[in-house]
Amino acid sequence: MKYLLLIAALFAAQVSTVQASQYSCGASYMRVNQNLFGTIEFPQDALQLRCSYLSDYNVGIRLGLARSAESPDKLFVEGEFYTNKITSYKHVSIFYNYKINDRWSVEPFVGYVDYDTEWTVNGGRPHWFEDSDSDITKGLLVNYRHRDNWRIFFGYSDLYNKNKKGHGPETTASYELGFAFTF
């Protein structure tokens with residue numbers, strides 16, 4: 001009997017730290033920095049739409065869709081001008097919401113990202129003009145509850161890392177700032 005009381009007490013303590021499940025939808029401005037081989041860097045501005053579900057146990061899932069504008073400057077590399085833009089960005093991640101206090105929380109996450117890019121070289125499309133990159137992504141989101149149902153968030157994502165044989169490392173990361181409505 002005392003073991004049942006102990007289990008009941010532990011369960012009651014756990015329930016008191018759990019929050020009610022919730023959904024949220026929002027938008028964010030993303031700055032996507034793509035670095036190719038240590039010589040070509042494409043900073044891109046993107047708009048992301050996102051939806052999240054947070055379970056009763058502070059574990060959630062997030063889906064995001066985005067597009068970017070064309071890279072702001074034509075970069076001159078090895079005698080050629082390059083531009084790039086993300087035409088399709090899809091992101092799914094699992095996160096844990098750690099509540100710091102009534103206003104602040106952090107969400108470490110891991111997930112999968114897939115995005116398609118469109119390249120130009122000297123104003124034309126090269127034979128490899130469309131490319132898709134995908135990888136396991138990880139990052140951290142910081143939330144501030146501005147009002148009961150409104151959050152402001154900012155975060156960092158390590159989107160893509162690989163070493164292209166014969167060329168060198170390719171890395172892509174993003175920073176974002178946005179808002180979400182929770183219901």
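In this predicted model, the charged end of Arg62 sits over the ring of Phe95, at 4.2 Å from the ring centre. Aromatic residues also pair with one another, and a search of the whole structure finds 9 such pairs. The mean pLDDT of the chain is 83, with 85% of residues reaching 70 or more.

**Aromatic pairs and cluster**

- Tyr23 and Tyr53 form a pair that counts as tilted, because their ring centres are 4.9 Å apart and their planes meet at 50°.
- This pair joins distant parts of the chain: Tyr23 belongs to strand β1 (residues 22-36) and Tyr53 to strand β2 (residues 40-54), with their positions 30 residues apart in sequence numbering.
- Tyr23 is partly exposed at 46% relative accessibility, and Tyr53 is likewise partly exposed, at 30%.
- A further tilted pair consists of Tyr156 and Tyr175, whose ring centres lie 5.2 Å apart with the planes at 50°.
- Here too the pair links distant parts of the chain, with Tyr156 in strand β9 (residues 150-164) and Tyr175 in strand β10 (residues 168-182), 19 residues apart.
- Tyr156 has a relative accessibility of 34% and counts as partly exposed; Tyr175 is partly exposed at 45%.
- One aromatic cluster is formed by Tyr23, Tyr53, Trp150, Phe179, Phe181 and Phe183.

**Surroundings of Ser24**

- Ser24 lies in strand β1 and is buried, its relative accessible area being 6%; the cut-off for a buried residue is under 20%.
- Its side chain makes a polar contact with the side chain of Arg151, at 3.3 Å.
- Beyond its neighbours within four places in sequence, Ser24 is in contact with Arg50, Cys51, Ser52, Arg151, Ala180, Phe181, Thr182 and Phe183.

**Nonpolar cores**

- In soluble globular proteins, nonpolar side chains tend to be buried together.
- The largest nonpolar core in the model comprises 10 residues: Met30, Val32, Ala46, Ala66, Ile86, Tyr89, Val113, Tyr115, Leu159 and Tyr160.
- Two or more residues of this core come from each of β1, β5 (80-96), β7 (104-121) and β9.
- Met30, a member of that core, is in contact with Gln44, Asp45, Ala46, Gln48, Ala66, Tyr89, Ser174, Tyr175 and Glu176, leaving aside neighbours within four places in sequence.
- Another core, of 7 residues, lies apart from the largest one and includes Leu36, Val77, Tyr82 and Val121.

**Backbone at Asn58**

- Most residues other than glycine have a negative phi.
- Asn58, by contrast, has a positive phi, near 65°.
- Asn58 is located in the loop between β2 and β3 and is buried, with a relative accessible area of 12%.

**Confidence**

- Strand β3 (residues 59-68) has the highest confidence in the chain, at 95, whereas helix α1 (residues 2-17) has the lowest, at a mean of 46.
- Over residues 3-8 the pLDDT stays under 50, and the model has 0 contacts for this stretch beyond four places in sequence.
- Residues 10-17 also have pLDDT below 50, and this stretch has 2 contacts beyond near neighbours in sequence.
- Where pLDDT is low, the predicted coordinates should not be read in detail.

Methods:
Residues are numbered from 1 along each chain as its sequence is written. This is a predicted model: local features need pLDDT of at least 70, side-chain atom pairs count only at pLDDT 80 or more; totals for chains, interfaces and linings use all residues. Side-chain values use heavy atoms; hydrogens and water are left out. Rings of Phe, Tyr and Trp (its six-membered ring) pair if their centres lie within 6.5 Å; planes under 30 degrees apart count as stacked, over 60 as edge-to-face and the rest as tilted. Helices (H or I, at least four residues) and strands (E, at least two) are DSSP runs, numbered from the N terminus. Buried means under 20% relative accessible area, exposed over 50%, partly exposed in between (1.4 Å probe, protein chains only). A charge sits over a ring if NZ of Lys or CZ of Arg is within 6 Å of the ring centre and within 35 degrees of the ring normal. A polar contact is a pair of N or O atoms within 3.5 Å; within protein, one must be able to donate a hydrogen and the other to accept it, and residues adjacent in sequence count only if both atoms are side-chain atoms. Contact means heavy atoms within 4.5 Å. A nonpolar core is a set of buried Ala, Val, Leu, Ile, Met, Phe, Trp, Tyr and Cys residues joined through side-chain atoms within 4.5 Å. pLDDT is the predictor's confidence in each residue, from 0 to 100.
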